[in-house]
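Please open the model in your viewer and keep the selection tool at hand. The tour below moves from one selection to the next and says what is found at each stop.

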Amino acid sequence: MANITKKVSWSSRGDDSALTGEGTPLLNGTEIPKPSRQVSMSLDYDNIENQLFLEEERRMSHMGFRCLEISRWVICGLIGILTGLIACFIDIMVEKLAGYKYQVIKENIEKFTEVGGLSISLILWAVLNCAFVLVGGVMVAFFEPIAAGSGIPQIKCYLNGVKIPRVVRLKTLVVKVIGVICSVAGGLAVGKEGPMIHSGAVVAAGVSQGRSTSLKRDFKMFEYFRRDTEKRDFVSAGAAAGVSAAFGAPVGGVLFSLEEGASFWNQMLTWRIFFASMISTFTLNFFLSIYHGKPGDLSNPGLINFGRFESDSVAYYYYEIPLFMCMGALGGLLGALFNSLNYWLTIFRIRYVHRPCLQVIEALLVAAVTAAVSFTMIYFSNDCQPLGPEHNEEYPLQLFCADGEYNAMATAFFNTPERSVRSLFHNQPGSYNPLTLGLFTLTYFFLACWTYGLAVSAGVFIPSLLIGAAWGRLCGILLASFTPTSPIWADPGKYALIGAAAQLGGIVRMTLSLTVIMVEATGNVTYGLPIMLVLMIAKIVGDYFQEGLYDIHIKLQSVPFLHWEAPATSHWLTAREVMSSPVTCFNRIEKVGTIVDVLSNTSTNHNGFPVVVQPAKLCGLILRSQLIVLLKHKVFVELARSRLSQRKLQLKDFRDAYPRFPPIQSIHVSQDERECMMDLTEFMNPTPYTVPQDTSLPRVFKLFRALGLRHLVVADDVNRVIGLVTRKDLARYHLGKHGLEELQLAQT
């Protein structure tokens with residue numbers, strides 16, 4: 001390993017990386033404690049083509065296959081409808097609660113502006129914020145911690161092939177929905193769009209299985225889809241439906257799933273995902289039109305509505321493209337700064353704010369500080385704008401302004417973030433003072449950075465757009481001031497849109513899907529080219545300094561995430577050097593006691609075992625989950641001979657146990673049964689993927705990543721098993737600033 005410049009430790013366990021251990025030294029040498037003791041497992045995207053599978057396929061008629069295909073379309077339709085309904089519920093609840101809160105505070109401020117005592121208004125604002133955040137924070141911190149944040153890093157991991165515990169449970173969905181309503185209504189610098197992607201994924205995981213393990217209800221539907229292969233496809237459809245409901249961008253949703261996750265992709269899957277996305281945005285649109293008293297008026301395609309950008313009024317000129325590119329570079333720099341600050345803040349939280357009560361206290365502190373900062377900025381702002389007949393302010397605050405005027409700073413702070421974004425895009429030139437925008441950008445940047453990573457359900461999309469829209473509009477105003485004779489070419493709304501795209505691209509670093517989402521959300525393809533250029537430059541500039549926000553959080557969780565390609569300088573590494581060895585193998589006919597002992601060994605916790613015939617020649621592969629089902633049903637050779645009437649095990653028995661297979665400790669095996677033999681021939685996968693020991697790392701990586709494998713057997717010239725490649729073996733190689741780096745895998 002002479003060419004590897006640096007070795008750093010990454011705590012793991014077994015053949016599927018386990019997030020255990022006291023501390024994880026990161027790539028830059030900073031040691032942090034583990035956030036929690038939880039095990040991340042790989043998904044089995046590869047079909048196990050054993051005898052049971054082949055027999056079932058032979059028995060299935062042509063009509064049976066057609067019914068399965070129809071079922072897939074029905075499930076995708078249900079995913080779209082349910083995701084749209086959840087988005088509709090979140091939108092209505094946030095609007096009602098935030099509307100009530102701002103109305104109460106507005107009346108209170110107006111009352112005390114005349115008679116004095118505005119400090120009471122500040123206390124009221126802080127108390128209302130804290131009350132909402134307390135409910136959301138307690139639910140997340142004490143009931144379901146995995147529901148914290150936007151959930152996008154976890155869904156990215158799931159689509160990448162890593163099963164994060166509890167990420168697609170019903171309880172997670174309930175806490176997520178209530179949490180995001182409370183955090184947005186509580187005035188935090190968050191958005192409700194990011195969590196929709198997680199919510200859609202949970203809906204998909206639940207609907208596609210035809211049962212709820214949390215509620216212990218089995219509806220005896222869709223039993224064929226109870227395996228990782230099918231479930232992961234549906235989860236990608238759910239994530240796309242979530243994007244579609246959030247932004248009214250069905251094509252953007254499909255591209256999000258393609259860009260961020262699914263390794264295996266085909267035309268029919270693309271069609272089904274697009275169908276789920278379309279149904280999702282239509283459902284949201286339809287029910288919101290009824291709620292707003294305009295049934296059939298389908299003008300609310302997503303939770304965030306940027307409003308329409310008319311081509312004539314805000315067309316751009318070719319000489320503006322370099323200006324847009326400079327804004328993209330600025331967005332990349334600000335995004336890298338945001339991500340770096342959040343990275344160190346997250347390390348601090350993992351170290352010191354790991355108890356649920358401390359997490360709730362921090363969330364309350366942020367809520368109170370947000371209210372105090374907002375109030376202070378509004379109080380000291382003297383940016384008064386005339387309240388014209390065409391004004392679209394929801395809660396205009398007069399404060400110390402003259403009659404017929406409102407405080408422009410209040411438009412930005414005294415509102416839900418979505419409305420603030422829309423006002424920055426569409427308010428008339430002159431609606432905002434440059435000083436107001438500058439101060440707002442500065443304060444909101446640090447508030448959003450502090451807020452992301454709290455123990456509340458919250459997204460980073462809208463705060464990023466709001467920060468970018470503020471400094472983008474500021475750029476437009478400054479450019480117009482340089483040419484006072486013809487200020488109309490630098491329309492502030494146009495620059496607000498470009499700034500929003502640059503800031504969002506600089507923080508999350510998505511290019512393809514984000515371009516289409518922005519174009520679909522603005523309803524104008526005219527901006528396709530500038531938005532694409534801005535996002536590309538923001539990503540290039542940002543990546544030079546720091547990774548994307550979601551990638552940082554994935555790395556902090558020590559998840560073995562596989563990128564699209566192997567590190568560029570890794571061709572000289574071979575399978576023999578990266579594989580795990582020695583390998584625990586089973587004989588084709590194995591003693592039950594041996595199997596129980598191996599599965600009970602907590603020091604290894606392996607999940608896949610090559611099956612061999614002497615002398616150690618490979619004849620198949622069997623999984624821990626299969627062996628547990630076989631032990632549970634006592635599928636022993638001696639019992640099969642003595643009880644001829646014993647029911648033969650079918651694939652249904654394995655599907656019924658999926659996904660929560662019982663632990664080996666819960667299965668009782670008597671001393672006599674330990675002496676029995678188990679024949680694995682019928683249940684093992686007789687044709688596992690194998691590679692020769694001299695195969696280069698990029699070839700191994702490509703095979704593993706493209707086929708979504710969990711185990712890849714390494715064999716020698718005479719087909720003897722010499723090693724096993726798993727996800728953690730490939731994820732430990734990383735191209736750093738000093739060349740290829742290996743993360744030293746410490747067994748725990």
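**First stop: a sheet and its helix**

Begin by selecting β14 and β15, which run antiparallel and are joined by six bridges. Within this pairing, V612 has L618 of β15 as its bridge partner. This is a predicted model, and the tour should be read with that in mind.

Now add β12 to the selection, and an open sheet of three strands appears in the order β12-β14-β15, with mixed pairing. Because β12 and β15 (617–623) each have a single partner strand, they stand at the edges, and one side of each is left without a neighbour in the sheet. Helix α22 (residues 624–632) packs on this sheet, where it touches β12, β14 and β15, and its direction makes about 75° with that of β15.

**Aromatic pairs**

Staying with the strands just selected, show the side chains of F586 and F609. How are these two rings placed relative to each other? Their centres are 5.0 Å apart and their planes stand at 45°, so the pair counts as tilted. The pair links distant parts of the chain, since F586 belongs to strand β12 (residues 586–587) and F609 to strand β14 (residues 608–613), 23 residues apart. Both residues can be checked for burial: F586 is buried with a relative accessible area of 1%, and F609 is buried as well, at 0%.

Across the whole structure, a search finds 21 aromatic pairs. For another of them, select F222 and F225, whose ring centres lie 6.3 Å apart with the planes at 40°, so this pair too is tilted. F222 has 17% relative accessibility and counts as buried, while F225 is buried at 1%.

Between these two in the sequence is Y224, and displaying its ring together with R227 shows the arginine lying over the face of Y224, at 4.7 Å from the ring centre. A second arrangement of this kind is found by selecting R705 and W564, where the charged end of R705 sits over the ring of W564, 4.4 Å from its centre.

**Second sheet**

Next, select β17, β18 and β19, which form an open sheet in that order, again with mixed pairing. The edge strands here are β17 (690–692) and β19 (721–726), each of which pairs on one side only, and the twist averages 30° from one strand to the next. Strand β18 (residues 711–715) runs parallel to β17 and is joined to it by three bridges; along this pairing, P692 stands opposite A715 of β18. Adding helix α26 (residues 697–707) shows it lying across β17, β18 and β19, at about 145° to β18.

**Two packed helices**

Finally, select helix α11 (residues 356–380) and helix α14 (residues 434–451), which pack at an angle of about 175° with their axes 11 Å apart. Angles over 145 degrees count as roughly antiparallel, and α11 and α14 are therefore roughly antiparallel to each other. To see the contact, show E362, L365, V366, V369, T370, V373 and M377 of α11 along with L439, F440, T443, L447, W450 and T451 of α14. One further selection, of W125, F375, Y379 and F380, brings up a cluster linked by ring pairs.

**Zooming out**

With everything displayed, the chain contains 27 helices and 21 strands, and 58% of its 748 residues count as buried.

Methods
Residues are numbered from 1 along each chain as its sequence is written. This is a predicted model: local features need pLDDT of at least 70, side-chain atom pairs count only at pLDDT 80 or more; totals for chains, interfaces and linings use all residues. Side-chain values use heavy atoms; hydrogens and water are left out. Rings of Phe, Tyr and Trp (its six-membered ring) pair if their centres lie within 6.5 Å; planes under 30 degrees apart count as stacked, over 60 as edge-to-face and the rest as tilted. Buried means under 20% relative accessible area, exposed over 50%, partly exposed in between (1.4 Å probe, protein chains only). Helices (H or I, at least four residues) and strands (E, at least two) are DSSP runs, numbered from the N terminus. A charge sits over a ring if NZ of Lys or CZ of Arg is within 6 Å of the ring centre and within 35 degrees of the ring normal. Two strands pair if DSSP finds at least two bridges between them. Axes are lines fitted to C-alpha atoms, for helices over the stretch in contact, and angles run from 0 to 180 degrees between N-to-C directions. Contact means heavy atoms within 4.5 Å. Angles under 35 degrees count as roughly parallel, over 145 as roughly antiparallel, 65 to 115 as roughly perpendicular and the rest as oblique.
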